[in-house]
Amino acid sequence: MTKEKELLDDIKDEIKTLACDLFKKYQKEAFKDGKNYVKKMEKDIKRWGKLLALGELSKKDFKIMKVLIINGPNINMLGIREPDIYGKDTLETINTKILSEMSENVQLEFFQSNSEAEVIERIQKIAVDKTADALVINPAALTHYSIAIKDALKIIGVPKIEVHLSNIFSREAFRHTSVTASECDAVISGCGWYGYVLAIKQIERKK
Ligand code: DQA
């Protein structure tokens with residue numbers, strides 16, 4: 001092991017955190033104070049290049065991950081809909097709570113539709129336009145019968161996790177079957193809104 005590598009090993013984690021923080025800052029502020037940022041960026045990039053070459057940093061560490069959250073039919077009625085099962089939070093409140101749990105590396109997009117066709121089209125868009133790096137989907141009632149959603153999920157190659165607010169296995173028998181789950185990497189059911197957060201954390205962990 002070279003002296004340089006030995007030294008870097010000691011401060012590896014510190015530098016890694018710092019580098020990621022700086023990179024995020026640059027992405028947001030690069031144009032505010034152009035000249036100085038560019039200078040500083042050049043210096044840091046040289047250092048990061050060295051770390052990347054040594055394998056101490058991976059390109060993935062710098063990447064903002066775009067996660068699309070799709071919610072299916074009737075999820076827009078949360079707050080009013082069966083509060084004893086789904087709680088009193090509206091979808092908007094839930095989305096705000098999810099956002100507050102995200103690290104800076106994650107960028108979220110929310111999509112809800114009561115139409116099966118629109119859900120399919122939004123999934124297809126991921127394959128065509130590469131509009132998301134990962135998908136978290138609560139297909140709602142479509143979970144239990146939509147072969148069309150199942151087929152759409154098969155098309156996209158990004159990590160995908162199915163989420164249900166309620167524990168579908170402790171409810172009516174028709175909810176025990178998910179035709180979409182087998183196309184997803186994991187299923188989270190019964191953790192309420194935090195299920196979406198868990199799904200994203202799992203995707204980040206696996207990245
Ligand atoms: C649900 C469970 C489904 O059975 C139901 O049709 C929904 C919501 C959930 O999040 O618990 O609409 O997906």
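Ala140 is buried, with a relative accessible area of 8%. I open with this residue because it falls under the 20% limit that defines burial, and its backbone also deserves attention. In this predicted model, Ala140 adopts a positive phi of about 55 degrees although it is not a glycine. Its place in the chain is the loop between S3 and H6.

A second residue invites comparison. Asn74, likewise not a glycine, has a positive phi of about 75 degrees. The loop that holds Asn74 runs between S1 and helix H3, residues 83–86. Is Asn74 buried or exposed? With a relative accessible area of 37%, Asn74 is partly exposed.

Let me turn to helix H5, which covers residues 116–129. At 1.5 Å a residue, its 14 residues should span 20 Å, and the end C-alpha atoms are indeed 20 Å apart, so the expected and modelled values agree. Which residues of H5 are buried? They are Val119, Ile120, Arg122, Ile123 and Ile126. Viewed down the axis of H5, these buried residues fall within an arc of 160 degrees, and they therefore line one face of the helix. The general principle is that an α-helix has 3.6 residues a turn, so residues three or four places apart point the same way.

What does this face pack against? The partners of the buried residues of H5 are strand S1 (65–71), strand S2 (106–112), strand S3 (134–138) and helix H6 (147–155).

Both ends of H5 merit a remark. At the N-terminal end, Ser115 acts as a cap: one of its side-chain oxygens lies 3.3 Å from the backbone nitrogen of Ala117. Just after the helix, Lys130 takes a positive phi of about 50 degrees.

Next, helix H4, residues 91–100, which contains Leu91. Leu91 counts as buried, at 13% relative accessibility. Leaving aside neighbours within four places in sequence, its contacts are Asn71, Ile75, Asn76, Leu78 and Gln112. Leu91 and Trp193 are 102 residues apart in sequence, yet their C-alpha atoms are 9.2 Å apart in space.

Leu91 is one of the buried residues of H4, which are Leu91, Ile94, Asn95 and Ile98. Down the axis of H4 they fall within an arc of 100 degrees, so they too line one face of their helix. These residues pack against S1, S2 and helix H7, residues 194–206. On the face turned away from the buried side, H4 carries the exposed residues Glu92, Thr96 and Ser100. S1 and S2 thus recur in this account, having appeared as partners of H5 and again as partners of H4.

I close with the ligand. How many residues surround the ligand? There are 13, the closest being Arg81, His144, His164, Leu165 and Ser166. Three polar contacts can be listed individually. A backbone N or O atom of Leu165 lies 2.8 Å from an oxygen atom of the ligand. For Arg175, a polar side-chain atom lies 2.9 Å from a ligand oxygen. For Ala141, a polar backbone atom is 3.2 Å from an oxygen atom of the ligand. Taken alone, the ligand exposes 320 Å², and the protein buries 99% of that area.

Notes:
Residues numbered from 1 in each chain as written. Predicted model: local features only at pLDDT ≥ 70, side-chain atom pairs only at ≥ 80, totals over all residues. Heavy atoms only, no water. Helix = DSSP H or I, 4+ residues; strand = E, 2+ residues; numbered from the N terminus. Expected span 1.5 Å × (residues − 1). Buried < 20%, exposed > 50% of the residue type's maximum accessible area, 1.4 Å probe, protein only. Arc of directions from axis to C-beta. Contact = heavy atoms within 4.5 Å. Polar contact = N/O pair within 3.5 Å; in protein donor to acceptor, adjacent residues only side chain to side chain. Near = heavy atom within 4 Å. Areas by Shrake-Rupley, 256 points an atom, 1.4 Å probe, with all protein chains shown as cover.
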